[in-house]
Amino acid sequence: MNPNIKKYLIYSLGFLLAAAYIFLESQNRGDLTIYLNASRDLFKGDDIFVNTYFDGYHYFYSVLFAILVYPLSFLPMWVYNSLWITLNIFLVYRIFLIIKNLLPLHDFSKKHLMFLRVCGFLFALRFIHENIHAMQITIIIMYLALQGLQFVFANKYISGGALIALGINIKLLPIVLVPYLLYRGFFKGAIFTIAFYFLYMFIPALVIGWDHNQQLLATWGHLINPLNSNHVLDTEERSFHGLSTLLSTLLVKNVPDKHALTIPRNIADISIEHLNLILNIVRLILIAFTLYFLRSAPFKKPVTFYQRFREVSYILMLIPLIFPHQQHYAFLFVCPAFVFCIHYLIRNRNELKTNFKKTISFMLILIYLICNLKLLLGEFNEYYEHFKILTYAAILLVIVLAFCEPKEKESVSATA
């Protein structure tokens, strides 16, 4: 068959599958409808952080985001859902392209490149689908973080800072990148990120008025305050994961989880005060463990692309672990770390000891299975959610990433 015809057929099939997927998913009412209802209420003068939507859900995102999505509220549900899904699919493509650009792939064969892409996509597939199915914002946040970092690394500080700041403004999660930029000496990137963040906080006043914006900022701050008791016992929904949820289910006997199975999962029964103390200690340990990956004094830029991607992967992986109130789809942030570990095995296949390669490969397969059991064997999903297995997978990936030590002699300079 003519290669051009074959390529045309493959692209045509991909387009048809994507169109069918978009059509099917666009019929569902997801979180985007909550965003748009909050957006409508915003322009009515309501406090969108006090109001609840559908089954008592709060709107947790920024005032600016509510303004940005307002035009979609004039469209039928299937239209705005289709536009949202299309945007997310395009940004998934962009995320994989950015990862490709941030990793050193100059000496990879076509076979190894294809293997890396397939492994990365298969691992991320569950999280991509769940974000799209729920009409969530995680893909957009991850794109803004990665694209912003890529711009900063290329000395495009204004563009990079504007994108990272927008991600932080919409949902606080990418704020972990600011101390990283400061530590690595990207001072202009950090300064522009902070400046744009404050700009985004007050831009809505031009649309809704200063007093209304100030009122909303106050109630939003109270709603997302991590010191709130419901962010310690983080078990309001069965699909919550992360350290706060895992430690709550392990260390407190009767947590407020109406979907919990009768199977015991706690190994202790401590007070909320002690739980909060232990939770913050574990968070601090994971944050401090960042220094293991940085491996240099402050204000020195990473020596290689390889080293830089590894430390960024770890910092992104911290997001679903240390922040409260994280759903399963937030674990999309662990995908760069998984891709790095596969890349490490391929790149160093001839130098690594056989037993080490087998151990790391086994652990990565185990992590993949744990993260994708819902897709592979969804019949038992209530058990996976009950025991919070996603968090165990992320912790195991932290261990694997720590063992995947870059070999400087094989890496391309990050200043090249």
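Me: Ala, Val, Leu, Ile, Met, Phe, Trp, Tyr, Cys and Pro count as nonpolar, Asp, Glu, Lys and Arg as charged, and the others, Gly among them, as polar. Going by that, what makes up the lining of the largest cavity, class by class?

Reply: Keep in mind that this is a predicted model. The lining of the largest cavity has 12 nonpolar residues, 1 polar one and no charged ones.

Me: How do you know that this space is a cavity rather than a pocket?

Reply: A cavity is where a 1.4 Å probe fits but cannot get out, while a pocket is open. A search of the whole structure turns up 3 cavities of 30 Å³ or more, and the largest holds about 80 Å³. It's lined by 13 residues, with I95, F96, A124, L332 and C335 closest to its centre. At least two lining residues come from each of α4 (77–102), α5 (110–133), α6 (138–153) and α16 (335–347). The largest share, 4 residues, belongs to α4.

Me: What lines the second largest cavity?

Reply: That would be R126, H241, I370, L373, K374, N381, Y384, E385, I389 and L390. R126, K374 and E385 are Arg, Lys and Glu, so they count as charged. The full tally is 5 nonpolar, 2 polar and 3 charged residues. This second largest cavity has about 60 Å³ of space, and α17 (354–376), α18 (381–386) and α19 (389–403) each give its lining at least two residues.

Me: What about the second largest pocket: how much space lies in it?

Reply: About 860 Å³. There are 23 residues around the second largest pocket, and V92, Y93, F96, R117 and F121 are nearest its centre. Both α4 and α5 give two or more residues to that lining, with α5 making the largest contribution at 11. By class, it's 19 nonpolar, 2 polar and 2 charged. F96 is named near the centre of this pocket and of the largest cavity too.

Me: Why is S26 called buried?

Reply: The cut-off for buried is under 20% relative accessible area. S26 has 1%, so it counts as buried. You'll find S26 in the loop between α1 (3–25) and α2 (31–44), touching M77, W78, N81, S82, I85 and M135 from further along the sequence.

Me: And what makes the link from S26 to F23 a polar contact?

Reply: The limit for such a pair of N or O atoms is 3.5 Å. The S26 side chain reaches the backbone oxygen of F23 at 2.7 Å, so the pair is inside that limit.

Me: Is Q326 buried or exposed, and how do you know?

Reply: Buried: its relative accessible area is 3%, and the cut-off is under 20%. Q326 is part of strand β4 (residues 326–327). A polar atom of the Q326 side chain is 3.0 Å from the backbone oxygen of P324, so that pair also falls within 3.5 Å. Among the residues in contact with Q326 are L173, D234, F240 and H241, and H241 also lines the second largest cavity.

Me: What makes a set of residues a nonpolar core?

Reply: They have to be buried, of the right kinds, and joined through side-chain atoms within 4.5 Å. The largest such core here has 137 residues, with Y59, L364 and I367 having the most contacts inside it. L364, for one, is in contact with F338, C341, I342, L345, L397 and V400.

Methods:
Residues numbered from 1 in each chain as written. Predicted model: local features only at pLDDT ≥ 70, side-chain atom pairs only at ≥ 80, totals over all residues. Heavy atoms only, no water. Buried < 20%, exposed > 50% of the residue type's maximum accessible area, 1.4 Å probe, protein only. Contact = heavy atoms within 4.5 Å. Polar contact = N/O pair within 3.5 Å; in protein donor to acceptor, adjacent residues only side chain to side chain. 1 Å grid on protein atoms, 1.4 Å probe; cavity = no way out; pocket = protein on both sides within 12 Å on 5 of 7 lines; lining within 4 Å. Points joined across faces, edges and corners; volume = space filled by probe spheres on them. Lists of a residue's contacts leave out its neighbours within four places in sequence.
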